[in-house]
Amino acid sequence: MHVAVTGASTGIGEAIARELASAGASVTLVARRRARLEQLAGELPRAHVVTRDLADLTQAADWIDEAERALGPIDVLINNAGVQIIGATADGDVEDGERLLRLNVFTPLRLVRALLPAMLARRSGVLVNVASMAALAPTPGMTYYNASKAGIAAASEALRGELRGSGVHVVTVYPGIILTDMGEKGLQKYESSLALRLQPKGDARALARRIRDAIERRRPRVIYPRMNALARWFPGTTRLVMDALTPPLRT
Ligand SMILES: NC(=O)c1ccc[n+]([C@@H]2O[C@H](COP(=O)([O-])OP(=O)(O)OC[C@H]3O[C@@H](n4cnc5c(N)ncnc54)[C@H](OP(=O)(O)O)[C@@H]3O)[C@@H](O)[C@H]2O)c1
């Protein structure tokens, strides 16, 4: 099995690459920091390294042929690379916001579009899209990020329905706060509050195990930490809670 993981140089992507490699997969590792990718590749049985800026749409999908020559057809795509911007919307840089949208939404969809025809022809394959709880519980102070994660989650959920019976499975992942570089930096952007301290926090390895399980058992989605699943069933209450309990941004 050949798995391509975007954003594999650290955090959740690295944990997914390690988890699936431990299950016997060959992995293509995609991100910008070559040294980190090469170090990880050296620890895995069969890995191929690709360095790309995936926010640049001209290079977002141009690595697929090279990766398939190295490790065979891609059976599983993990659309994981992403960035987060937290701050007052009125002060935000529009270019940065639109770069986020390219990385978090346009590139994952390009990769799906590039790989799907061959997966359909083989009647097998898995597309995993790492969205966020921000898709189900949009957080004040993250305007572009919320837009990107709601966008990729909606596309991913609908694609699963479209592909039902085709042999190609789609998994949508909704992480809550995960203690990676992104998760830790995100927490620092808000004033400390009891609600934030009490919010459950997860770790990348446990999330990666759940994603592996969803791939193997063909589950439609992963919501982790599990308590966050309440947001899916009670969207109105979730909105009230997010508006009332999200602490102010640090200045
Ligand atoms: N941590 C959380 O609390 C949390 C919660 C919900 C959802 N998520 C989502 O989970 C995914 C992974 O997050 P994480 O916490 O693991 O974040 P992270 O620790 O910041 O890692 C992000 C990964 O994306 C890669 N990346 C960033 N910009 C890139 C670019 N322009 N081109 C190619 N690769 C790029 C980074 O590699 P390079 O810097 O080497 O390029 C890195 O491997 C993201 O989509 C994120 O939105 C995270």
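Modeller: Helix angles under 35 degrees count as roughly parallel, over 145 as roughly antiparallel, 65 to 115 as roughly perpendicular, and the rest as oblique. This is a predicted model, where local features need pLDDT of at least 70 and side-chain atom pairs pLDDT 80 or more, while totals for chains, interfaces and linings use all residues. Numbering starts from 1 along each chain as its sequence is written, and side-chain values use heavy atoms, leaving out hydrogens and water.

Colleague: At what angle do α1 and α8 pack?

Modeller: Two packed helices are described by the angle between their axes and the distance between the axes. Axes are lines fitted to C-alpha atoms, for helices over the stretch in contact; angles run from 0 to 180 degrees between N-to-C directions. Helices (H or I, at least four residues) and strands (E, at least two) are DSSP runs, numbered from the N terminus. Here α1 (residues 11-22) meets α8 (residues 204-217) at about 50°, with the axes 8 Å apart. The pair is therefore oblique.

Colleague: Which residues of α1 meet α8?

Modeller: Contact means heavy atoms within 4.5 Å. From α1 come Gly 11, Ile 12, Ala 15, Ile 16, Glu 19, Leu 20 and Ser 22. Their partners in α8 include Leu 207, Ile 211 and Ile 215. By class, the contact has 9 nonpolar, 2 polar and 4 charged residues. Nonpolar covers Ala, Val, Leu, Ile, Met, Phe, Trp, Tyr, Cys and Pro; charged covers Asp, Glu, Lys and Arg; the others, Gly among them, are polar.

Colleague: Which α1 side chains meet in a salt bridge?

Modeller: Side chains of opposite charge can pair when their charged atoms come close. The test is a side-chain nitrogen of Lys or Arg within 4 Å of a carboxyl oxygen of Asp or Glu. Glu 14 and Arg 18 pass at 3.0 Å, N to O. Both sit in α1, 4 residues apart, about one turn of the helix. The structure holds 13 salt bridges.

Colleague: In what order do the strands of the sheet run?

Modeller: Strands pair if DSSP finds at least two bridges between them. The open sheet has 7 strands, β3-β2-β1-β4-β5-β6-β9, with parallel pairing. β3 (47-51) and β9 (221-224) are the edges, each pairing on one side only. Between β1 (residues 2-6) and β4 (residues 76-79) there are 3 bridges; Val 5 partners Ile 78 of β4.

Colleague: How far apart are the axes of α4 and α5?

Modeller: They lie 9 Å apart, at an angle of about 15°. That makes α4 roughly parallel to α5. Their contact has 14 nonpolar, 3 polar and 2 charged residues.
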